[in-house]
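Load the model and keep the backbone in view. We will go from one helix to some backbone angles, and then to a pocket.

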Amino acid sequence: MSAPESSAAAPRSGAPEISVRALHKSFGDNEVLRGIDLEIRQGEVVCVIGPSGSGKSTLLRCVNLLEEPSKGQVFVGGTELTDPDVDIDAVRRRIGMVFQQFNLFPHLTVTENLTLPQRRVLRRDKATAARVAAENLERVGLAEKADAYPSSLSGGQQQRVAIARALAMGPEVMLFDEPTSALDPELVGDVLAVMRRLAHEGMTMMVVTHEMTFAREVADRVVFMDGGVIVEDGTPDQVITAPQHTRTRHFLSRLLDPAMAEVEEETSDLVHGAPKPPVTQQERPPTPPGRGV
């Protein structure tokens, strides 16, 4: 029997493609990451979820040293990025990153946005860069937009161009920092479809996201972060469907069903005897006759 197509399969074997060890990151007195340990194996898709301020985007940016860790180690493909002597530019060529914002050059066509980094960083000749650009535009379903300018594209199309630009560099690992958060809801699907395709092709992916359906269906593992630490790490069924920690359950209930979460909060207040609001002047009963104020 052939293996199922879904990428959410058994954990990958072999050496980790990404390894984070005892990672700390502080901004002044604010410690954002507090001893993170995480491994992602080749071909694995790991979705990182959590509330705003939990440290998930900072963790992602530390993986390619866009943020320099305060303490700890980061390895990609066996190379330590936190080694002071590392050639960080060489390592970054193996890492593709897609941000919330598309960061396309508005004065360049779609093709030129893809060929410029290839020629500047990888030193590819013009013909090779154009061929690779065309292949990756086809890969994200935008071959017909090769000569268009970013301003003529929808937000979803611009994000797919940004993904194609990252892929054109031939990365071994793709990092996604909430790639759909800046998009209108009707544009999210096309971007997620491209990411699903990459997952099925075996791309190693670390994805910071609030898209729970994507995480449930595509991820091999889901990591829930809060307060700068990893609270839960497991399969989508373990973390999303049957979370073990109260904090995870609370986050998911508010994310998946905000109305129900509010009802549960109000019910909890009643059960646990939350203090009643003060009685206003209009609500006070009248003073009985014959009594002074």
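**Around helix H4**

Just after H4, Gly141 adopts a positive phi of about 75°. This is a predicted model, and the angle is computed from it. Step back from Gly141 into the helix itself.

H4 covers residues 126-139. How far apart should the ends of its 14 residues lie? At 1.5 Å a residue, the expected span is 20 Å. The C-alpha atoms at the two ends are 20 Å apart, so the model agrees with the expectation.

Now look at the start of H4. There, Asp125 places a side-chain oxygen within 3.1 Å of the backbone nitrogen of Ala127.

Which residues of H4 are buried? They are Ala129, Val132, Ala133, Asn136 and Leu137. Around the axis they cover an arc of only 135°, which means that they sit on the same side of H4. The general rule is simple: an α-helix has 3.6 residues a turn, so residues three or four places apart point the same way.

Turn to the face of H4 that points away from its buried side. Ala127 and Glu138 are exposed there. On the buried side, the cover includes helix H3, residues 110-121. Helix H5, residues 155-167, is also part of that cover.

Two more backbone angles deserve a look. Most residues other than glycine have a negative phi. Ala22 is not a glycine, yet its phi is positive, at about 50°. Ala22 lies in strand S1, which runs over residues 16-27. Is Ala22 buried, exposed or partly exposed? Its relative accessibility is 38%, so Ala22 counts as partly exposed.

Asn103 is not a glycine either, and its phi is positive at about 55°. Where is Asn103 found? It is in the loop between strand S6 (95-98) and H3. With a relative accessible area of 47%, Asn103 is partly exposed.

Last comes the empty space. Rolling a probe the size of a water molecule over the atoms shows where such space is left. The largest pocket has a volume of about 630 Å³. Its lining is made of 20 residues. Nearest the centre of this pocket are Arg92, Ile95, Met97, Pro117 and Met169.

Which elements each supply at least two residues of the lining? Helix H2 (88-92), S6, H3 and H5 do. H3 gives the most, with four residues. H3 and H5 thus have two roles in this tour: they help to line the largest pocket, and they help to cover the buried residues of H4.

Definitions and conventions. Residues numbered from 1 in each chain as written. Predicted model: local features only at pLDDT ≥ 70, side-chain atom pairs only at ≥ 80, totals over all residues. Heavy atoms only, no water. Expected span 1.5 Å × (residues − 1). Buried < 20%, exposed > 50% of the residue type's maximum accessible area, 1.4 Å probe, protein only. Arc of directions from axis to C-beta. Contact = heavy atoms within 4.5 Å. Polar contact = N/O pair within 3.5 Å; in protein donor to acceptor, adjacent residues only side chain to side chain. 1 Å grid on protein atoms, 1.4 Å probe; cavity = no way out; pocket = protein on both sides within 12 Å on 5 of 7 lines; lining within 4 Å. Points joined across faces, edges and corners; volume = space filled by probe spheres on them.
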